[in-house]
Amino acid sequence: MEKYSVLLVDDEEEVIHVIMRKINWEGLGFCVAGYANNGVKALEIMEECQPDVVMTDIRMPFMDGMELSRRIKAEYPATKILFFTGFDEFEYARGAVHLEVEEYILKPVNSVELTNVFTQLKIKLDQEISEKRNVEILQKYYMESLPLLQANFYTSLIEGSIPEEEIPGYLSDYQLSFPGPFFCCVVFHTSSSQAPVDINPLLLATSVHRQVKERLAERWQAKCFSYLGNTIMIPQLKTENEVAELTDECDRFCKYAQGIIGAVVTAGIGPACPTITALSQSYLGAREAVSYRVIYGAARAINMQEVVPGELIPPGPANDAEIGNLFKMIRLGSEKEVIQAADRYIKHTSFPNKSLQQHYVDVMELVSTLYRFALNNDISVEGFTEDIRKLYSSVFDLEPSAFRNWLMDCCLAFRENLIHARNKSTRSFVAKAEEYVRHNYGDEDLSLDRVCEELGVSNSYFSSVFKKEKGNSFIRYLTDYRLEQAAAQLIETSEKSYIIAKNVGYTDPNYFSYVFKRKFGVSPSKYRREHIEGEN
């Protein structure tokens, strides 16, 4: 039986515990994911577990139920909301209707009434998921996919096979519009190996395609089509900086797809470009970004410009699949995979009856390609630039086993350099974020969005890397830093608590006392007394 998670929110914990005890949640098909005694805490829990249902009181400290519901609907639109309160004013009821709240229940809560409410809600949730997973609907939608001519045009566009002078004619003939002024490519890859056992992977990918069109296409005036088993989206951007916002929205979509239809989706975002003729380069970046799921994990969005140091330029030589695979392994693979790819390249280029001249040409192409790869990825090229002519000469004279060792050493050195560059880049902007907090923690408007805007990265990427580096979310780090500063001021100064609260970014003294006690176990005034008395 499908089980749905519920978050209970009420400033009276006794009410929450009564509801938890008196309702047979498992029998109704639900489980309580957690509870909170105010809206601020509820949003923190929402970020962690994203429950299917939120049952909240209206009148609460710090953030009331109405504001909480507005925030939930904006950030988690699929979440169902129930209101229960002792205040039955009309304005609240009207606000609840405007927010598309499922039910409005008056306190004291009756267990029979509440059971009926959740019984009906379970039916509704089952129907919504059933519609998304219904095989017949998916098959029908698959047969009604994009017209063939438009699909072929989009495919040719990202392949870069349409001459620039012919594009206006195609746009006119196919009644297509690309107002821009900027564009990029997004690749949505649906994992076939992690599909639910009762759903055909092809039908699951089709469902993802439909959800991309319904949830993202209109907002970004995007073109959506299927290509090589993936869903491709071409959004239109007002500025190049909108790529960060697009990344965050795609990241939320990936989490939605996993939670609602059971699809593990990775979204790869390519760099922004000023013309649709450059979309082929953006597509290459987006496709490679999807490959980075082996490092950063699936079910998320990956922005190529955020994860790869240096400019993204496709490796050469042209039409050589083995050298392309070797460079891919240098970027993404383990030491063993790099060695295997290098061996495949050597085997591919070492064939019988090859002339010495052809051997020289192959070696020259390899050295030149390695040199370009190093430059394009900000890899130190001291071993190349000291004496290129000497390098060519030494490589030409190497015996097969020595040539293999040289290539292995070079490729493994490149791999280590890229890993160091990624780690250095990550540590650099985490350090910048910490420095920004140290200088601005007293600003009440300091937030995750503001720090990401200052650093020029998307929220989803920053949050993931920050938590990996520091072991905590950025919001938790900011809160802890503010409270440590407040604790120091309580001991070192005689300022009133409300002044210290304002100094560290809290405009509401009551909320400051609440979070301070949650961290240190005592109120600010008691903390001051204990530490001052302890010193005396």
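**View 1. Val186 and the pairing of strand S7 with its two neighbours.** In this predicted model, Val186 stands opposite Met233 in S9, and the two strands concerned, S7 and S9, pair in the antiparallel sense over 3 bridges. S7 is also joined to S11 by 5 bridges, and these two strands likewise run antiparallel; within that pairing, the bridge partner of His189 is Thr266 in S11. Because 4 of the 5 residues of S7 are buried, the strand is largely enclosed by the rest of the structure.

**View 2. The mixed sheet that contains S7.** The open sheet shown here has 5 strands in the order S8-S9-S7-S11-S12, and its pairing is mixed. S8 and strand S12 (301–303) stand at the edges with a single partner strand each, so one side of each is left without a neighbour in the sheet. From one strand to the next, the twist averages 20°. At the S12 edge, strand S11 (residues 265–269) and S12 run parallel and are joined by 3 bridges, with Ala267 standing opposite Ala301 in S12. Helix H10 (residues 201–217) lies across strand S7 (186–190), S8, S9 and S11, and runs at about 165° to S8.

**View 3. Helix H8 and its surroundings.** Helix H8 (residues 148–159) has 12 residues, which at 1.5 Å a residue should span 16 Å, and this agrees with its end C-alpha atoms, which are 16 Å apart. The helix lies across S8 and S9, running at about 80° to S8. Its buried residues are Gln150, Ala151, Phe153, Tyr154, Thr155, Ser156, Leu157 and Ile158, and what covers them includes helix H9 (167–173), strand S8 (223–227), strand S9 (230–234) and helix H12 (279–291). Following H8 in the chain comes Gly160, whose phi is positive, near 75°.

**View 4. The parallel sheet and the helices lying across it.** Another open sheet has 5 strands in the order S2-S1-S3-S4-S5, with parallel pairing. Its edge strands are strand S2 (30–36) and strand S5 (103–106), each of which pairs on one side only, and neighbouring strands of this sheet are turned by 20° against each other on average, direction ignored. Strand S1 (residues 4–9) and strand S3 (residues 53–56) run parallel and are joined by 4 bridges; here Leu8 has Met55 in S3 as its bridge partner. Helix H3 (residues 39–49) lies across S1, S2 and S3 and runs at about 140° to S2, while helix H4 (residues 65–75) lies across S1, S3 and strand S4 (80–85), running at about 180° to S4.

**View 5. Backbone details in three loops.** Gln50, which lies in the loop between H3 and S3, has a positive phi of about 45° although it is not a glycine, and with a relative accessible area of 32% this residue is partly exposed. In the loop between S3 and H4, Phe62 has a phi near 75°, again a positive value in a residue other than glycine; Phe62 is partly exposed, with a relative accessible area of 31%. The third loop, between H9 and strand S6 (182–183), holds Pro181, and the peptide bond from Gly180 to Pro181 is cis, with omega near 10°.

**View 6. Cysteines without a disulfide.** A disulfide is a covalent bond between the sulfur atoms of two cysteines. With sulfur atoms required to lie within 2.5 Å of each other, the count comes to 0 disulfides. For Cys184, the closest cysteine sulfur is that of Cys185, at 7.2 Å, which is too far for a bond. Cys184 counts as buried, at 0% relative accessibility, and Cys452 is also buried, with a relative accessible area of 2%.

**View 7. The chain as the setting for the close-ups.** The chain has 26 helices and 12 strands, and buried residues make up 46% of its 536 residues. Among contacts between residues at least 6 apart in sequence, 68% join residues at least 24 apart. The accessible surface of the chain comes to about 27,600 Å², and 48% of this belongs to carbon and sulfur atoms.

Terms used. Residues numbered from 1 in each chain as written. Predicted model: local features only at pLDDT ≥ 70, side-chain atom pairs only at ≥ 80, totals over all residues. Heavy atoms only, no water. Expected span 1.5 Å × (residues − 1). Buried < 20%, exposed > 50% of the residue type's maximum accessible area, 1.4 Å probe, protein only. Contact = heavy atoms within 4.5 Å. Pairing = 2+ DSSP bridges. Axes fitted to C-alpha atoms, helices over the stretch in contact; angles between N-to-C directions. Areas by Shrake-Rupley, 256 points an atom, 1.4 Å probe, with all protein chains shown as cover.
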